[in-house]
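Please look over the sequence and model shown here. A short briefing goes with them.

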Amino acid sequence: MSHSSSSPSKHKGEHKGRGLPRGSERGSSSRDKDRSSSVPMPAGGKGSRTGGTANTAQKVPNRLINEKSPYLLQHAYNPVDWYPWGQEAFDKARKENKPIFLSVGYSTCHWCHMMEEETFQNAEIGRLLSEDFVSVKVDREERPDVDKVYMTFVQATSSGGGWPMNVWLTPSLQPFVGGTYFPPEDGLTRVGFRTVLLRIREQWKQNKSTLLESSQRVTSALLARSEISMGDRLAPPSGATMNSRCFQQLNEGYDEEHGGFAEAPKFPTPVILSFLFSYWLGHRLTQDGSRAQQMALHTLKMMANGGIRDHVGQGFHRYSTDRQWQVPHFEKMLYDQAQLAVSYSQAFQISGDEFYSDVAKGTLQYVSRSLSHRSGGFYSAEDADSAPERGARPREGAFYVWTVKEVQHLLPEPVAGASEPLTSGQLLTKHYGLTEAGNISLCQDPPGELQGQNVLTVRYSLELTAARFGLDVEAVQGLLTSGLDKLFQVRKQRPKPHLDSKMLAAWNGLIVSGYAVTGAVLGIDRLVSCATNGAKFLKRHMFDVATGRLKRTCYAGTGATVEHSTPPRWGFLEDYAFVVRGLLDLYEASQESAWLEWALRLQDTQDSLFWDSQGGGYFCSEAELGAGLPLRVKDDQDGSEPSANSVAAHNLLRLHGFTGHKDWRDKCARLLTAFSERMRRVPVALPEMVRALSAHQQGLKQIVVCGDAQAKDTKALLQCVHSLYIPNKVLILADGDPSSFLSRQLPFLSTLRRLEDRATAYVYENQACSMPITEPCELRKLLLQ
């Protein structure tokens, strides 16, 4: 059987049933979307909602009421006999010989909300699911392994992937039909979910053997297609060649006018920006190098000026529904904030333009205010949807949009010295592109929920706005800032979007990096302290001392308490890789070696749990944790988040630089060799790994500063290093103690001497050591060569 599903006028693709895998679109990734990628997505929602799962007092909860996941709890009052992922559900399917209906999503996913309300609250559909299927709900953020395995199937047998992801499985967990969003009933061009259920029920009764054979064939094909191994290759490909091909592919898809690398929707993709900066550094004197820098800086500036950035409350929304970065999908994810803070900090290092540093600081200000737990951890996301007013049906973007009338009412003060009668509201309206009719087009909002509303988008430079009204630039800046502050205070009174208070080790690792790197680059100790508190939270609440393992999740309890699932949800590869990266960044920012020591311990655990000793590279999940899944995959795409294997490759190189342990460098080589074919075929799908490949073949700089960590001259040398964009380096503080952790790892540190008892820097590169340097300006010259 086959079916297709698509959401009305949304960024949804066709999703077909059985069939052998075929190639997916170049560079696309299911992690990049909560819909697939065939047509542009509007910002508004659809359907009739009265606040999601409200009015639950008269309803009987299902077994999901006992779960911690905010996403699963959103379905706890559905008239569906839901099971969480686990043996109880699998045993029931085998005993009763029923297919499994697997539904995967996350708590801030707009179309997951829509399907929950339209479909899973439907009593008749609930009866069909409960009687004829074993229905299983999964939070993709809790079980990324389950999500990756079955998204591989959906992408291979359809035109794309996304969330909610809905897949039908045999009792042995092999998929045979899959799709994403389904409306509850048939439309003119769409098959409804009830019809799909009836067809699958009939096919299971009449042609079960055919379905089982088909699922086995598909699974076998997926196994072959997803295998990533060194094979008979002895070494990875040329870094220079992969770099050049990756750059050319990005150059071909670049949007000259608006920045970014697609028509619509447009995602921030920090991994691409990081690659472009790195490419620029290696090709500074060439036209391609200049081009790479321009592409990255222009993209960052257009994003920061666009509606994808929240100009009132700071932070970035999930993606833009148009190529101009104007109308976003309003969800805010922790991992976007974490990576973009680093991207904008790097842009400041490269350009010296404080525009970029201001954006980085604002982004982390948002995280500290809205996504921070009192114990030091960080929440996952804020929803796109919220009620326009108390008791109203939630709408996408309601919290963030404004009418001209609202703004002018809130900011009626006349502007002194203007060349024409002007209020503060009119000034802000002009600068940020607000109109009486609204700046959200119907094609972006087919239901018409956001008509007359506006997303703030910078339309003019400060200089142009000032010239238009005969004002000083400083005056305009002050008026706009005070105006935005007033809007922020008023917006605080609106019903807030849902907060996903789940805390994930992986994303907390990314935000530790975000705070540590930004704090070090900008010389802001407060930000480094936030990174330190985040790392302390991870060690206190998400690390099991007895086993040395990370926990995947914990949850905000009452007050400042933290709760865990029972039994605990153990970490996946991305948890280890991202936390190790965060700890390495934190060591370089704080020079506290305890974080480096913990990073080494976690890397050892990662190697023992996930390393493929035969094929090379890391599996995404532990063998035991993924028992029963038809695939054990290795993530091979740098998308909205980098592939954990790409991050691990960088970590291994840095750990080799910090310790001199050759086995980690060798392991990095085997990892890169395992992914050789994927990089050769589509290097743009793995820009972060291509960066690691170059770093492996060129080697890292070891920058050693000998001195007292608290001394001014030591801090001056350290800050000199932090102020420069040097991606392929390790920064080491040698305090002269031969018994210190780093001196035990790198005995040569004990032989280094301070020149004239002053803090002294040494730079090791290509097995050669520089002359000792005591002046930051001299160190800067050397590092910029």
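The notes below cover the whole chain and then one helix.

This is a predicted model, in which local features need pLDDT of at least 70 and side-chain atom pairs pLDDT 80 or more, while totals for chains, interfaces and linings use all residues. Residues are numbered from 1 along each chain as its sequence is written, and side-chain values use heavy atoms, without hydrogens and water.

**Overall form**
- The protein has 27 helices and 21 strands; these are DSSP runs numbered from the N terminus, helices being H or I of at least four residues and strands E of at least two.
- The C-alpha atoms fill a box of roughly 85 × 75 × 50 Å along the principal axes.

**Burial and contacts**
- Of the 785 residues, 62% are buried, meaning under 20% relative accessible area with a 1.4 Å probe, counting protein chains only.
- Among contacts between residues at least 6 apart in sequence, 71% join residues at least 24 apart; contact means heavy atoms within 4.5 Å.

**Helix α24**
- Helix α24 covers residues 687-698, and its end C-alpha atoms are 16 Å apart, which agrees with the 16 Å expected for 12 residues at 1.5 Å a residue; the expected span is 1.5 Å times one less than the number of residues.
- In α24, 10 of the 12 residues are buried, among them Met689, Val690, Arg691 and His696.
- The cover over the buried residues of α24 includes α8 (239-252), α9 (270-282) and α19 (573-590), as well as α21 (644-659), α22 (662-674) and α23 (676-681).
- Gly699, just after α24, has a positive phi of about 90 degrees.

Notes. Buried < 20%, exposed > 50% of the residue type's maximum accessible area, 1.4 Å probe, protein only.
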